[in-house]
Amino acid sequence: METTYDVKVYRILTYKGARKTTYTVRWVVAGKRWREPFDTVALAEGFRSELIRATGKGEAFLIATGLPVSHRSKSAAMSWYKFAVEYVDARWPQLGGNSRKNMAKTLTATTIALLRAKPTQFAPASVRTALREWAFNTNRRPDAPQDVVAILRWVERNSLPVSVWEDPEKVDQVLRAIDTRLDGKQAAAWSRKRNRRILNVAMKYAVRRRILRTNPLPKGKESTAAVKTTNAVDKRSLLNPEQAAAILDWIRRRPRGGERLHAFFATLYYCGPRPEEAVAMRVEDVTLPSPTPPISGASCCSTPQPQRSESSGQTRGRFTSNAT
């Protein structure tokens with residue numbers, strides 16, 4: 001990273017708000033203004049003293065971060081790949097199968113974005129597989145085959161240091177990488193939100209380990225501005241009553257367990273309970289629309305004809321369930 005000796009440190013700016021008072025240290029590095037707020041004047045004075053002491057010793061400042069070179073000693077000494085592997089090992093016992101898989105996918109995209117050069121001697125798919133299936137899998141890593149070991153050794157040698165996260169431009173580059181699919185198109189909103197959440201937890205871990213000073217990822221509205229999701233259901237993807245009846249009739253005519261599965265899925269469609277509630281439902285748990293005696297078991301739940309609710313537009317059954 002480029003460094004400079006063109007540094008000016010200004011006095012602390014005090015802001016008295018309605019809820020609390022903040023003390024902001026201000027300084028300029030190579031013409032670029034930097035600000036760091038603190039909750040107490042002691043913390044602000046301590047940080048300002050470090051900046052003044054660094055300029056007094058003739059220490060160079062990083063243009064990308066605005067901080068003295070000495071501030072990046074720990075993060076500069078550790079490569080991103082080494083940190084990611086240690087982070088996976090620390091989190092592995094706490095996560096389930098899907099969480100481990102999602103973590104490996106996110107760290108794979110991040111690691112590839114933080115390489116010094118493209119792995120021209122290896123196929124891109126092989127590099128992604130080596131990272132996702134072996135490097136970021138605590139159980140499988142010791143048993144990695146020789147070709148995978150060769151790829152991982154190359155990645156470790158060409159991985160940028162953790163201090164690269166102090167460069168805002170590099171942070172934006174990584175976020176663009178995890179927000180983009182392999183075909184170059186933007187990933188789904190829920191996928192982008194999940195990747196950023198996983199990466200945010202990793203950054204917090206780096207701060208706790210004192211590898212990074214602060215979390216470099218965007219905060220507040222800035223972090224979710226491009227990752228908006230919606231819970232609205234597209235009605236075009238829902239089954240209409242005719243389609244549902246046809247599918248249920250096909251299920252009922254299956255030779256093995258057709259009637260039982262017909263009762264189960266009809267209960268889900270017409271009544272709307274959760275699967276475990278449908279399995280536990282009994283005749284005494286429902287109110288039938290007519291005095292016709294019910295058939296044994298839960299199959300009585302599949303007999304009512306569907307009707308459409310005027311308020312919600314969803315197809316429901318004509319009976320109500322007392323089960324919870």
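Me: If Ala, Val, Leu, Ile, Met, Phe, Trp, Tyr, Cys and Pro count as nonpolar, Asp, Glu, Lys and Arg as charged, and the others, Gly among them, as polar, how many residues of each class are in the lining of the second largest pocket?

Reply: The model is a predicted one, and its second largest pocket holds about 620 Å³ of space. Among the 21 residues that line this second largest pocket, those closest to its centre are W34, E166, T214, N215 and P216, while strand 5 (32–38) and helix 7 each supply at least two residues of the lining. Sorted by class, the lining of the second largest pocket comes to 10 nonpolar, three polar and eight charged residues.

Me: Which residues lie closest to the centre of the largest pocket?

Reply: The space in the largest pocket comes to about 840 Å³. Its lining is made of 25 residues, and the ones closest to the centre are A109, I112, R128, T180 and L182.

Me: Which element gives the largest share of the lining of the largest pocket?

Reply: By class, the residues of this lining divide into 13 nonpolar, six polar and six charged. At least two lining residues are supplied by each of helix 4, helix 5, helix 7 and helix 8. The largest share of the lining of the largest pocket, six residues, comes from helix 4.

Me: Which helix provides the largest share of the largest nonpolar core?

Reply: The largest nonpolar core has 45 residues, and W80, F83, F136 and W165 are those with the most contacts inside it. Two or more of its residues come from each of helix 3 (80–91), helix 4 (97–113), helix 5 (124–135), helix 6 (146–158), helix 7 (168–178) and helix 8 (189–208). The largest share of this core, seven residues, is given by helix 3.

Me: Leaving out residues up to four places away in sequence, which residues does F83 touch?

Reply: F83 is one of the residues with the most contacts inside the largest nonpolar core. When residues up to four places away in sequence are not counted, the ones that F83 touches are M78, V162, A202, Y205, A206 and I211.

Me: How many residues apart in sequence are N137 and W92?

Reply: N137 is placed in the loop between helix 5 and helix 6, and N137 counts as buried because its relative accessibility of 14% falls under the 20% limit. From C-alpha to C-alpha, N137 and W92 are 8.2 Å apart in space, yet their separation in sequence is 45 residues.

Me: Is E45 buried, partly exposed or exposed?

Reply: E45 has its place in helix 1 (residues 41–56), and its C-alpha is 8.0 Å from that of V25, although the two residues are 20 apart in sequence. A relative accessible area under 20% would make a residue buried and one over 50% would make it exposed. The value for E45 is 38%, and therefore E45 is partly exposed.

Me: What share of the contacts with a separation of 6 or more joins residues 24 or more positions apart?

Reply: The protein has 12 helices and eight strands, and buried residues make up 36% of its 324 residues. Its accessible surface comes to about 20100 Å², with 51% belonging to carbon and sulfur atoms. Of the contacts in the protein with a separation of 6 or more, the share accounted for by residues 24 or more positions apart is 57%.

Notes. Residues are numbered from 1 along each chain as its sequence is written. This is a predicted model: local features need pLDDT of at least 70, side-chain atom pairs count only at pLDDT 80 or more; totals for chains, interfaces and linings use all residues. Side-chain values use heavy atoms; hydrogens and water are left out. Helices (H or I, at least four residues) and strands (E, at least two) are DSSP runs, numbered from the N terminus. Buried means under 20% relative accessible area, exposed over 50%, partly exposed in between (1.4 Å probe, protein chains only). Contact means heavy atoms within 4.5 Å. Accessible areas come from the Shrake-Rupley method with a 1.4 Å probe; for residues, only the protein chains shown count as cover. A nonpolar core is a set of buried Ala, Val, Leu, Ile, Met, Phe, Trp, Tyr and Cys residues joined through side-chain atoms within 4.5 Å. On a 1 Å grid over the protein atoms alone, a cavity is a set of points where a 1.4 Å probe fits but cannot get out, and a pocket is an open set with protein on both sides within 12 Å along at least five of seven lines; lining residues have an atom within 4 Å of a point. Grid points are joined across faces, edges and corners, and a volume is the space filled by probe spheres set on the points. Ala, Val, Leu, Ile, Met, Phe, Trp, Tyr, Cys and Pro count as nonpolar, Asp, Glu, Lys and Arg as charged, and the others, Gly among them, as polar.
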